[in-house]
Amino acid sequence: MVKIETFIQKAIERIKREVKGRAIIAVSGGVDSSVCAILANRAIGDLLTPIYIDTGLMRAGETERIRETFKDIDLEIVNAKERFLQNLKGIIDPEEKRKAIGETFIRIFEEEARKRDIHYLIQGTIYPDRIESEGGIKSHHNVGGLPTNIDFDKIIEPIDELYKDEVREIARTLKLPTEISERMPFPGPGLAVRIIGEVTDEKLEAVRKANTIVEEELLEPYKPWQTFAALLEKGTGVKGDIRVHGWIIAVRAVTSRDGMTADTLQLPWQTLQKIESRITREIPNVTRVLYDLTPKPPATIEFE
Ligand code: XMP
């Protein structure tokens, strides 16, 4: 990457040049979209409308946290939980899932834009989103997951040539709060790509609770690049002498530089046992907990 200050200056100039009038910035609460929001704000100021879509596929407390973090700006929060769940109904194929999510996102942004007579969308796509989508590995929700007919004059992606670690450096230079600049990545399609098969309310609730436990046990002490829970299938278990056909939860914790490759974190056995016992005790319909040992490659970080 060129010098950080030069990049920032060029990105602001590019936004000024490409946006003719007003624009929506898609905010997710993560470092990529927050950096774009600051750059866009410097470029077009009041002509920018920040919008966050609550997909219902977020981690516990995420929407409240975003509301709090962005309380000083006029962030529009669109509740689209029902719509995402409806559009995901019956879908089991990972790529179809990603496409349904990408399309739902863009249709909602189009509707919000139409209401305000806005023709430009700015989003925080980064280079790996593009490589993985174009390389046919997986359709990231903001690139390969997008439909071909889009009702914007232009989608502007100011940081689409950067890797995550470079985005973080820019976030630090822009003096974004540490909880944003160092924030663990969370994919746009959210918990949907951490649920194998159809996304349902019941599965979402189980994986969300398991994810909270995993983050509580691993984030602070081990500072992984990324850690989370995924929900696989059902397996037979026994709780209080009663057979339970419950969910199988996989725990993932990886180190990485830029998300393109990743190594599995070597966790102490006691830590893994504590996670297992908390998950199976605190979530009634989970009977089994696995630790994913696989690096990337051959696995990817997310399960779908
Ligand atoms: P994978 O699973 O491809 O993930 O090894 C690499 C990094 O990208 C994140 N990821 C996404 N981010 N939209 C995003 O904004 C997506 O569709 C998407 N899919 C994966 C993943 O969380 C990891 O940090």
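User: In this predicted model, which of the 16 residues around the ligand come nearest?

Analyst: Of the 16 residues around the ligand, those that come nearest are Glu132, Lys138, Lys296, Ile301 and Glu302.

User: What makes the approach of Glu132 to an oxygen atom of the ligand a polar contact?

Analyst: A polar side-chain atom of Glu132 lies 2.4 Å from an oxygen atom of the ligand, and a pair of N or O atoms within 3.5 Å counts as a polar contact, so the pair qualifies. The cut-off also admits Gln226, because a polar side-chain atom of Gln226 lies 2.8 Å from a ligand oxygen. For Gly188 the atom concerned is a backbone N or O, which lies 3.4 Å from an oxygen atom of the ligand. Of the 490 Å² of accessible area that the ligand has on its own, the protein covers 91%, and the ligand sits in the largest cavity.

User: Why is Asn79 called exposed?

Analyst: Asn79 has a relative accessibility of 60%, and exposed means over 50%, so the residue counts as exposed. Asn79 belongs to strand β3, which spans residues 76-79, and a polar atom of the Asn79 side chain lies 3.1 Å from the backbone nitrogen of Lys81.

User: How do you know that strands β6 and β7 pair?

Analyst: Strand β6 (residues 226-239) and strand β7 (residues 242-255) share 12 bridges in the antiparallel sense, and pairing requires at least two bridges, so the two strands pair. Gly237 stands opposite Val244 in β7. The strands form a hairpin with two residues between them, and Gly240 in the turn has a positive phi of about 55°.

Methods
Residues numbered from 1 in each chain as written. Predicted model: local features only at pLDDT ≥ 70, side-chain atom pairs only at ≥ 80, totals over all residues. Heavy atoms only, no water. Helix = DSSP H or I, 4+ residues; strand = E, 2+ residues; numbered from the N terminus. Buried < 20%, exposed > 50% of the residue type's maximum accessible area, 1.4 Å probe, protein only. Polar contact = N/O pair within 3.5 Å; in protein donor to acceptor, adjacent residues only side chain to side chain. Near = heavy atom within 4 Å. Areas by Shrake-Rupley, 256 points an atom, 1.4 Å probe, with all protein chains shown as cover. 1 Å grid on protein atoms, 1.4 Å probe; cavity = no way out; pocket = protein on both sides within 12 Å on 5 of 7 lines; lining within 4 Å. Sits in = over half its atoms within 2 Å of the grid points.
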